[in-house]
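Visitor: Could you walk me through this structure, starting with a helix and then moving on to the charged pairs?
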Amino acid sequence: MKTKRVAAIDCGTNSVRLLIADISGDELTDVERRMEIVRLGQDVDRTGRLAPEALERTFTAMRGYAKLIREHAPNGPVPVRVVATSATRDAANRADFVSGVRDVFGVEPEVVTGDEEARLSFTGATRGLARAGAEAETPYLVVDIGGGSTEFVVGSRSVEGALSVDIGCVRLTERHLRDDPPSAATVEAAVADIEAAMDRVEESVPVRTARTLVGLAGSVTTVAGIALDLPAYDPARIHHSRIPAERVHEVSARLLRMTHDERAAIPVMHPGRVDVIGAGALILDRIVRRYGFSEVVVSEHDILDGIAWSLA
């Protein structure tokens, strides 16, 4: 069976990520998987614009990714798809972003809708579950907790309902959790935002039918690493781990009590997540509580893998 090499770039509110992969039939094999925290969504919730310094951080990371793609293309150019999500959707000056990406990769970035973001995340998260022996009872509720938004997707083999809502770890931190550590009042305000967003989700997505919660993205994988007491971030240990609900609650409460320096000292913590992990953990905690899941199945595969599959 012929193998196709593809390059997927996911540009979110907090990070920009690259996956160069070989796809053959129903198998996706990593060639390179990279992540840089660029905080593209810096102050977007307040200003409605992408900050010049945030754009430059993003383009610098992308230029490095373009170089890697060229190095891994011995047989000529590989197809590239660049997807941008919440922060870019919300920005009045997103044309500056589009122009910069075109200059770096030679392709037009796609500023996808929240629904398309949700569907790509579902594909990336669930396509490998059965093959890895990690399949659980369906339907799945896939939650992708990003910097600016969280996607809720319900489905079994295909999507049955999806919605993207504007609660994310960067957005909630900038809006509410500015104290160090956050006060009880600011946490309550953040919880109110999360619960209001989940009210909207329940109006259009059959979340109550789901039997397995699958959690994606850096907030979830970091919570998993802490819950597993890992001495360092280990994607192989985290991927398809099952974190009991009580551990999610414990880790979330602990992170919200800690100072910036205490969070920074956690072995699995990426420096770019230190200031926003409390909000990300809180979102996961409220999802688990509201829908009564006994555990969360954690996936290192997400929208980035969904983008790669779309190029197959």
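Guide: Just after α8, Asp 229 takes a positive phi of about 55°, where helices are DSSP runs of H or I with at least four residues, strands are runs of E with at least two, and both are numbered from the N terminus. This is a predicted model, in which local features need pLDDT of at least 70 and side-chain atom pairs count only at pLDDT 80 or more, while totals for chains, interfaces and linings use all residues. Residues are numbered from 1 along each chain as its sequence is written, and side-chain values use heavy atoms, with hydrogens and water left out.

Visitor: How many residues of α8 are buried?
Guide: In α8, which spans residues 217-227, 11 of 11 residues are buried, meaning under 20% relative accessible area, with exposed set at over 50% and partly exposed in between (1.4 Å probe, protein chains only). Among them are Val 220, Val 223 and Ile 226.

Visitor: Switching to charges, how many salt bridges are there?
Guide: The count comes to 24 salt bridges, each a side-chain nitrogen of Lys or Arg within 4 Å of a carboxyl oxygen of Asp or Glu.

Visitor: Is the Arg 17 partner, Asp 10, buried or exposed?
Guide: Asp 10 is buried at 7% relative accessible area, and Arg 17 is buried too, at 13%; their closest N and O atoms are 2.8 Å apart.

Visitor: And what does Arg 290 pair with?
Guide: Arg 290 forms a salt bridge with Glu 202. Arg 290 lies in helix α12 and Glu 202 in helix α7, so the pair ties together parts that are 88 residues apart in sequence. Through shared partners, salt bridges join Glu 195, Asp 199, Glu 202, Arg 208, Arg 286 and Arg 290 into one network.
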